[in-house]
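Biologist: I should like to learn how the features of a model such as this one are read. Could we take them in turn, with the general idea before the particular case?

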Amino acid sequence: MEFSHVRAVDEAVADALVGETDRQRNTLSMIASENHASRAVIEAQGSTLTNKYAEGYPGERYYAGCAYADAVEELAIERARELWGAEHVNVQPHSGSQANMAVYLAMLDPGDRILSLELEHGGHLSHGHPANFAGQLYEVEQYRVDPETGYLDYENLADIADEFDPDAIVSGFSAYPRQVDWERIDAVADAVDAYHIADIAHITGLVAAGVHPSPVGIADFVTGSTHKTIRAGRGGIIMCDAEHADAIDNAVFPGVQGGPLMHNIAGKAVGFGEALEPVFTEYAERVVANARALGGTLADHGLSLVSGGTDTHLVLVDLRDSHPDLSGGDAEAALEQTGIVLNANTVPGETRSPFDPSGIRAGTAALTTRGFDEDAMREVGDLIVRILDAPDDDAIIEAVADRVDELCAAHPLYD
Ligand SMILES: *Cc1c(COP(=O)(O)O)cnc(C)c1O
C-alpha cells in the first residue's frame, strides 16, 4: 500500500493514507464496528467502477455500458442470497443507515410510529433518534434492556408495543452483547400488526456464519452493513421476501439514492465471496471465542460487564462499579495513548453524559482478522486493566504501549 499514484500528485493526502495504514498496522483496533477488509476487497473498492453510472438494477439500467456493473452487482446479490438465505437482496444502500432509511420510506408514511431500542441501551441513531431524520419524520417510542440483567426485556417490549401500537418495530443493535431472540420480537410485532425490521449491522458476519441466530425468514426486513463483522468493505444491504422486493428496490433507487456506488458493490461481491469460504465460519467462531476470552479476563479483574458476558463479538464494560472516578472518555483516551483503540459507550441506566459516558465497548472482529487467538486476547484484556487501574501512570502507559507494539508486530496486517 504505497499509494504511489496519489503521492505523485498529492503529498498531503498520500501522507494521510500512509499514516492511516500504519496506524491500523501499529495499533489494536477494538472498535466493535470496525474490521480489516482484505486487500482484495480494498482493491475492488478502489477500482475504475468508481467512474461508472449505473442507476437502476442489473438488466434494467438508465445508462449504457453497464455490462460489468451488472456482472458485479449480480455476483454480490447471488452471494448474499447464499450467505443469508434471503429471497430478495438489495446491495445498493450506501451504508447501513441508508438501508434503514430505504425500508422506512418503502413501508411507512410520515407520522407513522416506530418502536426501537433506546440509544443509551444499545440502539442506533437511525432507529429514530431525534437528531436523525427518522426521529423527525416518524413518531418514535423506545424500549429498553432490563437495567438489572442487561438483557433485552421482551415483556417490557410487548407492553410498550401494546400501548404504543407501532407500525414498525426495529430490532438489532449497536452495543448489545447477547443473542437476540428474533422470534420473540417478531411475535410482538405480529400481535400489534407492525412490520419487524431486524437491523443486523454489527452481526452480519456472525449471522452469515451461523454463530448467531438469523432473523432472515422471521423479520419482514433485515438490514445490515457490509463492513463490520462481514468484512466486505463499506456499505449497506437490505434483505426481504419476494413480496416486498419492488417496494424496497424502488425505495433505494430512486427513493433515497441516485447512482449506486459500483466500486463498493464490487467490494461487497469480493467480500461475500470470501465469506462463503469455510474458513470464514472458523473466523466468526474465533471472533466470539475471543470476545468471551476478553470478557472473561476483564471480569476476572473485577470489571462489570453489561449482561455479565457476551455471545457476540463485543463486550460492554460498565466502569461505575470498579472505577467510579474514571469516565468512559478518560478510559478511551488513556488506552489510545498505548495503541489500544476502542470507544467510550453509554451503558443502561447511564448517569454521565452521551459525550462522556460510563462505559467502554470493545470488539474482537478486527483483531481476530489479524490472527489474535484467545491467549492473545486475554493478554490484551490484562493490558486494558493495567491502564484502567492507572490511567495517569506514565511508566505503565509506556510499558503497555511497548507490549502493544510487540503484539502488532507478531500479527502483521496488510503485509
Ligand atoms: C453501524 C450500524 C448501522 C449502520 O451504520 P452506517 O454507519 O450508516 O453504515 C446501522 N444500524 C446499527 C444497529 C449499527 O450498529
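Biologist: In what order do the four strands of the open sheet stand, and is the pairing parallel or antiparallel?

Modeller: Two preliminaries come before the answer. This is a predicted model, in which local features need pLDDT of at least 70 and side-chain atom pairs count only at pLDDT 80 or more, while totals for chains, interfaces and linings use all residues. Residues are numbered from 1 along each chain as its sequence is written, and side-chain values use heavy atoms, with hydrogens and water left out.

Modeller: In general, strands of a sheet pair through backbone hydrogen bonds, either parallel or antiparallel. Here, two strands pair if DSSP finds at least two bridges between them; helices (H or I, at least four residues) and strands (E, at least two) are DSSP runs, numbered from the N terminus. The four strands follow the order β11-β12-β15-β14, and their pairing is antiparallel. At the edges stand β11 (304–305) and β14, each of which pairs on one side only.

Biologist: How many bridges join β11 to β12, and which residue stands opposite Val-317?

Modeller: Two bridges join β11 to the antiparallel strand β12 (residues 314–318). Opposite Val-317 of β12 stands Leu-305.

Biologist: Which helix lies across β11, β12 and β15?

Modeller: For such packing, contact means heavy atoms within 4.5 Å. Axes are lines fitted to C-alpha atoms, for helices over the stretch in contact, and angles run from 0 to 180 degrees between N-to-C directions. Helix α12 (residues 278–300) lies across β11, β12 and β15 (359–363), and runs at about 20° to β12.

Biologist: What is the strand order in the sheet of seven strands, and which strands stand at its edges?

Modeller: This open sheet has the order β4-β10-β9-β8-β7-β5-β6, with mixed pairing. Its edges are β4 (88–90) and β6 (139–143); each has a single partner strand, so one side of each is left without a neighbour in the sheet. Neighbouring strands are turned by 20° against each other on average, direction ignored. Within the sheet, β8 (residues 195–199) and β9 (residues 221–225) pair in the parallel sense over three bridges, and Asp-199 has Thr-223 in β9 as its bridge partner.

Biologist: Which strands do α5 and α8 touch?

Modeller: Helix α5 packs on the sheet against β5 (113–117), β7 (168–171), β8, β9 and β10 (236–240), and its direction makes about 155° with that of β9. Helix α8 (residues 182–191) touches β7 and β8, its direction making about 150° with that of β8.

Biologist: Into which domains is the chain divided, and how many residues are in contact between them?

Modeller: Domain bounds come from an automatic or database domain assignment. The chain is divided into domain 1 (43–275) and domain 2 (282–410). Their centres, taken over C-alpha atoms, are separated by 28 Å, and 22 residues of domain 1 are in contact with 24 residues of domain 2.

Biologist: What volume has the largest pocket, and which residues are closest to its centre?

Modeller: Rolling a probe the size of a water molecule over the atoms shows where empty space is left. On a 1 Å grid over the protein atoms alone, a cavity is a set of points where a 1.4 Å probe fits but cannot get out, and a pocket is an open set with protein on both sides within 12 Å along at least five of seven lines; lining residues have an atom within 4 Å of a point. Grid points are joined across faces, edges and corners, and a volume is the space filled by probe spheres set on the points.

Modeller: The largest pocket has a volume of about 960 Å³. Of its 34 lining residues, Gln-24, Ala-37, Ile-42, Gln-45 and Tyr-414 are the closest to the centre. The largest share of the lining, five residues, comes from α2.

Biologist: Which domains contribute to the lining of the second largest pocket?

Modeller: The second largest pocket holds about 540 Å³ of space. Its lining draws at least three residues from each of domain 1 and domain 2, and β14 (residues 343–345) gives the most, with three residues.

Biologist: What volume has the largest cavity?

Modeller: The largest cavity has a volume of about 90 Å³. Among the 15 residues that line the largest cavity, the closest to its centre are Gly-172, Phe-173, Tyr-176, Val-180 and Ile-203.
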